[in-house]
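Student: I've got the model open and would like to talk it through. Can we go step by step?

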Amino acid sequence: MEYSLHFGAVWASFDRLLSGLAIGLALAVVAVAIGTVLGLLAAFAAVSPYRPLRSLAGLYVALIRNLPLLVLVLLAYFALPQIGIALDKYQSFAGALALYSGAYLTEVFRAGLLSVPKGVIEAARSIGLTRLQTNVSVVAPIMLRNALPSLGNTFIGMFKDSSIAAAIAVPELTFEARKINVDTFRVIETWTVASGLYIAACVVIAALLRGLERRFPKF
Amino acid sequence: MQAFLDQLWIARWPLWDGLLLTAGIAAAAIAFGTLLGGIVGVQLAYAPWWLRLPFRLYVDIMRGTPVLVLILAAFYIPAVAGLSLGPTEAGTLALTLFAGAHIGELLRGSLQAIPPGQAEAGRSIGLTFPQLLAYVLLPQAARSALPPWINTGVELIKGSSLLSIIGVGELLLRTQEVIGRTFMTIQFYIFAGIVYLVINIALDQLGKSLERRVGQH
């Protein structure tokens, strides 16, 4: 079949793709920020000596990691209003993605916590720091540094998953690409450019993270 | 609750069909994806750079692009290329290409983690490269790639829910259709969630018992 490439129609709407990309990045930043708090809490719970806390953290991780993100998103957007919680599409997607990323980050931070040498914790305790002080000013910084590469990978994963917001009509990159695709029928061009934008963003984020890792030497 | 159970009973066959399609799509994607990933992984680990380059490009493009974009591209592009693929075929193709890249990359990691002494020993007793691969390297790599491979299966079950967006009648789309009729939004989404949870946890447990049986060397 005859099909010659004409990128003109896609370039004409390129600003829409770029604003979509920005929305996707913003959603990922908000979600991972909230998810980091959730993940930190759950990770400390997962390594705590109290069994109920450990079970609770385990339940959260197992529950969320085995659910499709799309189901969480649809629940947050379409089902929550049924019990009186009405969120707009941005809030419900960011909330669902935060909950989802929190489960992955729990595993990331748990591995980070286990990577903190026992001797360091013992040293902190022996100079008289309380358990809370030890966790906040000794364990957390080392753990965060060791978890940085996985944290970055999780962020890239969540940025890619922000494409699922298209399902509830959030005008992010995938949603805009689909619209351009249907409007112009420049099918191959649209998806090549959309995919290229995602890959370029991932490469840039990965490079920035690599720089961050170099600035903070590994413990 | 009774009203929900009544509706669930009425909708049992469409939901069951959806579940079967979800399982079928994920199974096809993991089967073909493993075949593809096997080839990709071996090329990435052992091929000379000029042969490795296209495989690396394929893996990086697949891993840098969201699954939903792959699914939409597989849905829209074949038509202009003169191929007619139904939504189910297109979606399965996208998931297969996604799985192939991920499995290829994790197999590469496992192959490169094998101590070089293993390959040298195989060489020195006169094994050809295909023999070395089949009897020495792949069995060891398969063992250490098993946990992430099972995890890819879980990701594929989850990813198959995205096919509802292009109109494939898998579990999530069937659930949405039931919700469209009954307006029991929370109940049926939670029900679908529980079904996904049960399948994925079962898959995870199956993987764990398989790991125990194969054992680490």
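**Walking through the two chains**

Tutor: Sure, and keep in mind that this is a predicted model. From the N terminus on, chain B runs α-α-α-α-α-α-α-α-α.

Student: How many helices and strands does chain B have?

Tutor: The element order of chain B is α-α-α-α-α-α-α-α-α. There is no β in that string, so to speak, and the count for chain B is 9 helices and 0 strands.

Student: What share of the residues in chain B is buried, and what does the C-alpha trace span?

Tutor: Along its principal axes, the C-alpha trace of chain B spans about 70 × 45 × 25 Å. Chain B has 217 residues, and the buried share of them is 40%.

Student: Among contacts in chain B between residues at least 6 apart in sequence, what percentage join residues at least 24 apart?

Tutor: Take the contacts in chain B between residues at least 6 apart in sequence as the pool. The part of that pool joining residues at least 24 apart is 76%.

Student: How are helix 8 and helix 9 of chain B oriented to each other, roughly parallel or roughly antiparallel?

Tutor: Helix 8 of chain B covers residues 171-182 and helix 9 of chain B covers residues 185-214. Their axes come within 9 Å and cross at roughly 160°. Angles over 145 degrees count as roughly antiparallel, and therefore helix 8 and helix 9 of chain B are roughly antiparallel.

Student: Is the crossing of helix 8 and helix 9 of chain B left-handed or right-handed?

Tutor: The angle between the axes of helix 8 and helix 9 of chain B is roughly 160°. As for the hand, the crossing of these two helices of chain B is right-handed.

Student: Which residues meet there, and how do they divide into nonpolar, polar and charged?

Tutor: From helix 8 of chain B come B:Leu171, B:Leu172, B:Thr175, B:Val178 and B:Ile179. They meet B:Thr185, B:Phe188, B:Tyr189, B:Ala192 and B:Val195 in helix 9 of chain B. The residues of this contact divide into 8 nonpolar, 2 polar and no charged.

Student: Over to the other chain: which helix of chain A gives the most to the side that touches chain B?

Tutor: In the contact between the chains, 32 residues of chain A meet 28 residues of chain B. Elements giving two or more residues on the chain A side include helix 3 (51-65), helix 7 (131-161) and helix 9 (187-215) of chain A. That side divides into 23 nonpolar, 6 polar and 3 charged residues. With 8 residues, the one that gives the most is helix 9 of chain A.

Student: What percentage of residues 21-209 of chain A is helix?

Tutor: An unreviewed UniProt entry annotates residues 21-209 of chain A as "domain: ABC transmembrane type-1". The end C-alpha atoms of that span lie 19 Å apart. Strand accounts for 0% of residues 21-209 of chain A, and helix for 81%.

Note on methods
Residues are numbered from 1 along each chain as its sequence is written. Chains are lettered from A and ligands numbered from 1 in the order in which they are written. This is a predicted model: local features need pLDDT of at least 70, side-chain atom pairs count only at pLDDT 80 or more; totals for chains, interfaces and linings use all residues. UniProt positions are given in the numbering used here, feature names are shortened, and annotations may be inferred rather than shown by experiment. Helices (H or I, at least four residues) and strands (E, at least two) are DSSP runs, numbered from the N terminus. Axes are lines fitted to C-alpha atoms, for helices over the stretch in contact, and angles run from 0 to 180 degrees between N-to-C directions. Angles under 35 degrees count as roughly parallel, over 145 as roughly antiparallel, 65 to 115 as roughly perpendicular and the rest as oblique. A crossing is left-handed if the near helix is turned anticlockwise from the far one by less than a right angle, and right-handed if clockwise. Two residues are in contact if their C-beta atoms, placed from the backbone, lie within 7 Å. Ala, Val, Leu, Ile, Met, Phe, Trp, Tyr, Cys and Pro count as nonpolar, Asp, Glu, Lys and Arg as charged, and the others, Gly among them, as polar. A residue is buried if 20 or more other C-beta atoms lie within 10 Å of its own, exposed if 12 or fewer, and partly exposed in between; C-beta atoms are placed from the backbone.
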